[in-house]
Amino acid sequence: QMQLVQYGGGLVQPGKSLILSCIASPSLEFYAIAWFHQAPGRGRERIGCISGNDDSTTYATSVEGRFTISKAQLENTVYLQMYNMKPEDTGVYFCAADFTCASQSHNAMKSWGKGTLVTVSS
């Protein structure tokens, strides 16, 4: 089954940027990768997804225009680029794999990364 390993969490000041990565094994070839945000004390919310059969992406309105998802197919890596970060972006970020980006529910995801903590200072 797909395994996902995440890197790139940490502290960032409001208005600055941070990049997270999600490395998949054995391959990204047949999987879409979604990113979820879990704010402290709240549930996981999908913030975006990149398709497994092309590079098309979708985003939640809360992050559209500030966050971008990209993929390095041969390196089996998906990136979440976060710009102009806000205090409400604080929380744990998870990458998760599914066959497509069609599902909006975290319950549909087949594999999960362990998450990485991002703190945006106020």
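This section describes the disulfides, the salt bridges and one nonpolar surface patch of a predicted model.

The structure contains 2 disulfides. A disulfide is a covalent bond between the sulfur atoms of two cysteines. With the bonded cysteines numbered in sequence order, the pairing reads 1-3, 2-4.

One disulfide joins cysteine 22 to cysteine 95, with 2.1 Å between the sulfur atoms. Cysteine 22 belongs to strand S3 (residues 18-25) and cysteine 95 to strand S9 (residues 91-98), so this pair ties together parts that are 73 residues apart in sequence. The torsion about the S-S bond of cysteine 22 and cysteine 95 is about 75 degrees, and the disulfide is therefore right-handed. Cysteine 22 counts as buried because its relative accessibility is 1%, a value under the 20% limit for that class. Cysteine 95, at 0% relative accessibility, is also counted as buried.

In the other disulfide, formed by cysteine 49 and cysteine 101, the sulfur atoms are 2.0 Å apart. Distant parts of the chain are linked here: cysteine 49 is in strand S5 (residues 44-50), whereas cysteine 101 is in the loop between S9 and strand S10 (111-112), 52 residues apart. The link of cysteine 49 and cysteine 101 is left-handed, with -85 degrees about the S-S bond. Cysteine 49 is buried at 1% relative accessibility, and cysteine 101 is buried with a relative accessible area of 17%.

A search of the whole structure yields 3 salt bridges. In the pair of aspartate 55 and lysine 71, the closest N and O atoms are 3.9 Å apart; the cut-off for a salt bridge is 4 Å. Aspartate 55 sits in the loop between S5 and strand S6 (57-59) and lysine 71 in strand S7 (residues 67-72), so the contact ties together parts that are 16 residues apart in sequence. Aspartate 55 counts as exposed at 56% relative accessibility, whereas lysine 71 counts as buried at 17%.

Arginine 66 and aspartate 89 form another salt bridge, in which the closest N and O atoms are 2.8 Å apart. This pair links distant parts of the chain, with arginine 66 in the loop between S6 and S7 and aspartate 89 in the loop between strand S8 (77-82) and S9, 23 residues apart. Both arginine 66 and aspartate 89 are buried.

A further salt bridge brings together the side chains of lysine 110 and aspartate 98, at 2.7 Å from N to O. Lysine 110 lies in the loop between S9 and S10 and aspartate 98 in strand S9, and the pair links distant parts of the chain, 12 residues apart. Lysine 110 is partly exposed, with a relative accessible area of 39%, while aspartate 98 is buried at 5% relative accessibility.

Val5, Tyr7 and Ile23 make a nonpolar surface patch of about 260 Å². Valine 5 is located in strand S1 (residues 3-7) and is partly exposed, with a relative accessible area of 38%. In a regular strand the side chains alternate between the two faces of the sheet. Along S1, Leu4 and Gln6 point to one face and are buried, while Gln3, Val5 and Tyr7 point to the other face and are not buried. S1 pairs with S3 in the antiparallel sense over 5 bridges. Within this pairing, valine 5 stands opposite isoleucine 23 in S3.

How values were computed:
Residues numbered from 1 in each chain as written. Predicted model: local features only at pLDDT ≥ 70, side-chain atom pairs only at ≥ 80, totals over all residues. Heavy atoms only, no water. Disulfide = S-S within 2.5 Å. Helix = DSSP H or I, 4+ residues; strand = E, 2+ residues; numbered from the N terminus. Buried < 20%, exposed > 50% of the residue type's maximum accessible area, 1.4 Å probe, protein only. Patch = residues over 30% accessible without salt bridge, like charges linked within 9 Å, V, L, I, M, F, W, Y side chains within 5 Å. Areas by Shrake-Rupley, 256 points an atom, 1.4 Å probe, with all protein chains shown as cover. Pairing = 2+ DSSP bridges.
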